[in-house]
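Reader: I am new to this structure and would like to go through it slowly, one question at a time. Could we begin with a single pair of residues and work outwards from there?

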Amino acid sequence: MKKLFVGRKRMIVLAIATLTVCVGIYWVTTNGKDMPELPSEQETTVEEQKTEEIITIKPAETTPAVVEKKITPPPVAEPSPEWPVILTNTEATSLTVVINKKHKLPSDYVPELTDVTGGKMRPEAAQALTSLLYKADEAGVSMSVLSSYRSYSTQVSTYNKWVSQSGKAVADTFSARPGHSEHQLGLAADLGNGTCNLETCFGNTAAGKWLANIAQDYGFIIRYPAGSDGATGYQYEPWHLRYVGVETAKAIVASGQTMDQYYGIPAGDYQ
Ligand SMILES: [Zn+2]
């Protein structure tokens, strides 16, 4: 009886185990079939959507970078001339050569010179100045030549003298640095009659006013006119004459411009 009972008990256990396994297999099988089908489609769709979204986003992220490049192009370096420009000896011989703080003469430039009262000048300028001074005598406004041709080395000492007296900044407003002086051209002269010599008040004297009116008829211009400090780089110098020839002098005066502006040549300060 005991053996039979044990045998039945084993069979019941086996039957329960078998049933459990069958139920388990069914569960796994049905879940394996039913569950993934719909969700797997959904997941695929989501993944595709995600992929589409990524594709859509990526161009959106890169587009602004491209646009930004177009809006802000790399800076292009502007070519800027290095001042001063040093002219050649041949260029310096032109009667209308422009010398200023940005254009200088070679240190060895020496023009053809001839004697003129009070110094030396180029022949064309010397002849014109002699005629002008003769006319001034006739008009009762006699003037003398305070300075005419100055060599490069003379300008070195002239400029240094003014720098030691007034300081470099002030000296630069009325005295040219070596190589930048029109006096080295042999085409410039400083005139005076003892009143306000080499001072702006010379422009208000009878001689100064007469000179300003008549200089062009002899081929000279007041090279540094009043109110043109910024344009020329120098203060008003009613005593400083520059020879350019009669025709050019009249054209420059008629234009109301400085010589630099008339020829469209950069001037002003040294830099
Ligand atoms: Zn001068």
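Reader: Which residue in β8 does I222 stand opposite?
Author: This is a predicted model, and in it strand β7 is joined to β8 by 3 bridges, with the two strands running antiparallel. Within that pairing, I221 stands opposite R242 in β8. As for I222, the residue that it stands opposite in β8 is L241.

Reader: Which residue in β8 is the bridge partner of A188?
Author: A188 is one of the residues of β6, and β6 pairs with strand β8, residues 240-243, in the antiparallel sense over 3 bridges. The residue of β8 that serves as the bridge partner of A188 is R242.

Reader: What is the bridge partner of V145 in β6?
Author: Strand β5, which covers residues 144-147, is joined to β6 by 3 bridges, and these two strands run antiparallel. Within β6, the bridge partner of V145 is L191.

Reader: What is the order of the strands in the open sheet of 4 strands?
Author: We have now met the pairings one by one: β5 with β6, β6 with β8, and β7 with β8. Put together, they give an open sheet of 4 strands with antiparallel pairing, in the order β5-β6-β8-β7.

Reader: Which strands stand at the edges?
Author: In the order β5-β6-β8-β7, an edge strand is one that has a single partner strand, so one of its sides is left without a neighbour in the sheet. From one strand to the next, the twist averages 45°. The strands standing at the edges are β5 and β7, the latter made of residues 220-222.

Reader: How many of the residues of strand β6 are buried?
Author: In a regular strand the side chains alternate between the two faces of the sheet, so each face can be considered in turn. On one side of β6, A188, D190 and G192 are buried, and on the other side A189 and L191 are buried as well. For strand β6, residues 188-192, the count of buried residues is therefore 5 of 5.

Reader: Which residues of β8 are buried on the side opposite H240 and R242?
Author: Both faces of β8 are covered, with H240 and R242 buried on one side. On the other side, the buried residues are L241 and Y243.

Reader: Is Q257 buried, exposed or partly exposed?
Author: Q257 is found in the loop between α8, residues 246-255, and α9, residues 259-263. Not counting residues up to four places away in sequence, Q257 touches I252 and Y262, while its C-alpha atom is separated by 9.0 Å from that of P225, which is 32 residues apart along the chain. A residue counts as buried with 20 or more other C-beta atoms within 10 Å and as exposed with 12 or fewer; because Q257 has 16, it is partly exposed.

Reader: What is the average pLDDT of the chain?
Author: The chain holds 9 helices and 8 strands, and buried residues make up 27% of its 271 residues. Over residues 22-69 the pLDDT stays under 50, and there the model has 0 contacts beyond four places in sequence; for residues 1-6 the pLDDT also stays under 50. In the chain, 70% of the residues score at least 70, and the average pLDDT is 82.

How values were computed
Residues are numbered from 1 along each chain as its sequence is written. This is a predicted model: local features need pLDDT of at least 70, side-chain atom pairs count only at pLDDT 80 or more; totals for chains, interfaces and linings use all residues. Two strands pair if DSSP finds at least two bridges between them. Axes are lines fitted to C-alpha atoms, for helices over the stretch in contact, and angles run from 0 to 180 degrees between N-to-C directions. pLDDT is the predictor's confidence in each residue, from 0 to 100. Two residues are in contact if their C-beta atoms, placed from the backbone, lie within 7 Å.
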